[in-house]
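Dear colleague,

I am handing over the structure we spoke about, and my notes on it follow below. Please read them with the coordinates open beside you.

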Amino acid sequence: MNHTFRSGAAWALVALLALGGHAAAQQLRLPPDLPYAKAEGSPGKVIFSHQLHVAVSEKCTACHVSLFRMLAPTRTVTHAEMEAGKSCGACHNDRMAFGPADPAGCARCHVGEGRSSGEPRAGYPRAGGRETPTHTSERRPS
Amino acid sequence: MKGAILFDSTKCIGCEACVAACKEKNNLPAAIDPKLTAYTWTVVEPRNTAFIRRMCMHCETPTCVSVCPVQAFRKEPNGPVLYDASRCIGCRYCIMACPFGVPKYQWDRAVPIVQKCIMCPDRIAAGKAPACASVCPTGATTFGDRDQMIREARTRLAATPKKYVPQVYGVEEVGGTSVLILSSASFADLGLRTDLPRAPLPMLTWQVLSKIPDVVVVGGALLYGIWWITNRRTKVQEALAEEAAGKSESRQR
């Protein structure tokens with residue numbers, strides 16, 4: 001019994017290491033989470049996660065540099081901009097990705113202090129009509 | 001320190017962060033052209049088996065610098081090949097001369113200038129990596145001292161020889177460049193020129209041009225000498241003829 005447990009644990013460790021190695025191969029050196037300034041009446045601070053967003057587009061140019069600067073990042077985004085289809089609203093417009101009309105959407109961006117927004121949550125919608133690429137080192141142009 | 005960019009195509013995932021950073025740094029229009037243009041100074045080209053970045057190679061002995069009749073181009077000791085638009089007369093010799101086809105002209109403007117990657121000289125001077133190298137999420141584009149980058153590239157070749165073509169592109173090509181490239185596919189497959197000489201390209205014309213002053217001076221002296229001799233010969237003949245004519249005249253009297 002004890003022996004089975006041990007070998008089971010060993011296999012779990014091997015599997016974990018293999019998975020870890022695989023994850024390391026996919027690791028991208030991305031900028032840290034970007035906290036945006038909290039505006040008056042905001043339900044919570046927006047903390048932007050690159051980790052979460054690179055899963056949606058294989059190109060950094062989907063957002064950079066037409067929507068967001070990258071060397072000197074924008075520190076403020078407004079709902080007015082967003083609703084005009086600029087800034088976050090270029091994708092978060094209720095068509096490509098959840099937007100201001102989605103009542104459950106608020107809390108997905110306004111995560112507030114102390115919460116990691118880097119963890120992909122269940123049911124995270126993919127951008128409409130776009131392929132969902134993987135960031136593996138094996139990926140090569142076809 | 002002489003700066004150099006090391007591009008390892010085996011690490012590139014084609015995300016184009018470098019392109020976006022370049023656009024932002026140099027205040028270029030956000031639209032990305034598929035090839036190098038005056039408004040897109042670097043591109044990530046998908047090839048058969050890998051991605052390859054196109055950008056100025058920042059040659060150690062650049063052809064653009066040597067051909068420019070007004071010295072609008074210059075090679076900085078710390079790596080970059082810079083361009084001064086205020087000197088440019090728009091002759092576009094640089095465009096014809098560049099072995100990598102890098103300098104591009106603003107064909108859509110009334111008063112166009114030449115444009116190309118300038119390796120973010122202000123960032124390098126401030127001790128930072130160029131914009132493209134600073135944002136690369138995979139470490140495919142890195143920046144550092146050229147000698148150290150060559151060592152780093154050779155370390156990678158030695159560590160995983162099966163992964164790479166056993167050569168660092170840019171160490172010797174056209175006398176060396178400040179952009180070094182590692183690849184798993186052959187360099188020709190990546191669209192890199194493999195027919196380039198090891199010697200700097202300006203040496204080709206220098207071998208001829210350096211002899212021109214000698215040819216002018218020696219040739220000029222020679223031609224002057226021939227002229228002096230023939231001229232004197234005719235003068236002497238004329239004088240003799242005159243003398244002979246004078247004698248016969250006096251005899252007739």
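Chain B contains 8 helices and 9 strands. The model is a predicted one, and what follows should be read with that in mind. With a radius of gyration of 29 Å, where the globule rule gives 18 Å for 253 residues, chain B is more spread out than a compact globule. Taken along the principal axes, the box filled by the C-alpha atoms of chain B is roughly 110 × 45 × 35 Å.

The domain assignment and one helix should be looked at together with those values. Chain B is assigned a domain 1, covering 3-201, and a domain 2, covering 211-252, and the centres of these two domains, taken over C-alpha atoms, are separated by 62 Å. Helix α8 of chain B covers residues 212-252. At 1.5 Å a residue, its 41 residues should span 60 Å, and the end C-alpha atoms are 59 Å apart, which agrees with that expectation. This helix is hardly covered, since the count of buried residues among its 41 residues is 0. Over chain B as a whole, 35% of the 253 residues count as buried, and of the contacts with a separation of 6 or more, 61% are between residues 24 or more positions apart.

Where, then, is the largest nonpolar core, and which residues have the most contacts inside it? It has 61 residues, and those with the most contacts inside it are Ala17(B), Cys18(B), Ala21(B), Cys132(B), Val135(B), Val179(B) and Leu180(B). Two or more residues each are given to this core by β1 (3-8), α1 (17-25), β3 (51-54), β5 (81-83), α5 (131-135), α6 (146-159) and β9 (179-182) of chain B, and α1(B) gives the most, with 6 residues. Apart from this core lies another, of 5 residues, with Val46(A), Ile47(A), Phe48(A) and Cys109(A) among them.

Ala17(B) deserves a separate look, as it touches residues of both chains: leaving aside residues up to four places away in sequence, its contacts are Cys60(A) and His64(A) on one side and Val135(B), Cys136(B) and Pro137(B) on the other. Between the two chains, 17 residues of chain A are in contact with 22 residues of chain B, and the residues of chain A on the side that touches chain B divide into 7 nonpolar, 4 polar and 6 charged.

Chain A has 4 helices and 2 strands, which follow the pattern α-β-β-α-α-α when read along the sequence. Buried residues account for 13% of its 142 residues, and among contacts in chain A between residues at least 6 apart in sequence, 53% join residues at least 24 apart.

Two places in the loop between α2 and α3 of chain A are worth checking. Val65(A) lies in that loop, and the peptide bond leading to it from His64(A) is cis, with omega near 0 degrees. Ser57(A) is also found in the loop between α2 (50-53) and α3 (79-83) of chain A, and it counts as partly exposed because it has 17 C-beta neighbours inside 10 Å. The C-alpha atoms of Ser57(A) and Leu28(A), which are 29 residues apart along the chain, are separated by 14 Å.

In chain B, there are two residues other than glycine whose backbone I would ask you to inspect. Phi of Arg92(B) is positive, near 65 degrees, and this residue sits in the loop between β5 and α3 (93-97) of chain B, where it is partly exposed, with 14 other C-beta atoms within 10 Å. Phi of Met119(B) is likewise positive, near 60 degrees; Met119(B) is in the loop between β7 (114-115) and α4 (121-125) of chain B, and with 28 other C-beta atoms within 10 Å it is buried, the cut-off being 20 or more.

Finally, Glu152(B) is placed in helix α6 of chain B and, with 18 C-beta neighbours inside 10 Å, counts as partly exposed. Glu152(B) and Leu6(B) are 146 residues apart in sequence, yet their C-alpha atoms are 8.8 Å apart in space.

With best regards

Conventions: Residues are numbered from 1 along each chain as its sequence is written. Chains are lettered from A and ligands numbered from 1 in the order in which they are written. This is a predicted model: local features need pLDDT of at least 70, side-chain atom pairs count only at pLDDT 80 or more; totals for chains, interfaces and linings use all residues. A nonpolar core is a set of buried Ala, Val, Leu, Ile, Met, Phe, Trp, Tyr and Cys residues joined through C-beta atoms within 7 Å. A residue is buried if 20 or more other C-beta atoms lie within 10 Å of its own, exposed if 12 or fewer, and partly exposed in between; C-beta atoms are placed from the backbone. Two residues are in contact if their C-beta atoms, placed from the backbone, lie within 7 Å. Ala, Val, Leu, Ile, Met, Phe, Trp, Tyr, Cys and Pro count as nonpolar, Asp, Glu, Lys and Arg as charged, and the others, Gly among them, as polar. The expected span of a helix is 1.5 Å times one less than its number of residues. The radius of gyration is taken over C-alpha atoms; the globule rule is 2.2 Å times the number of residues to the power 0.38. Domain bounds come from an automatic or database domain assignment.
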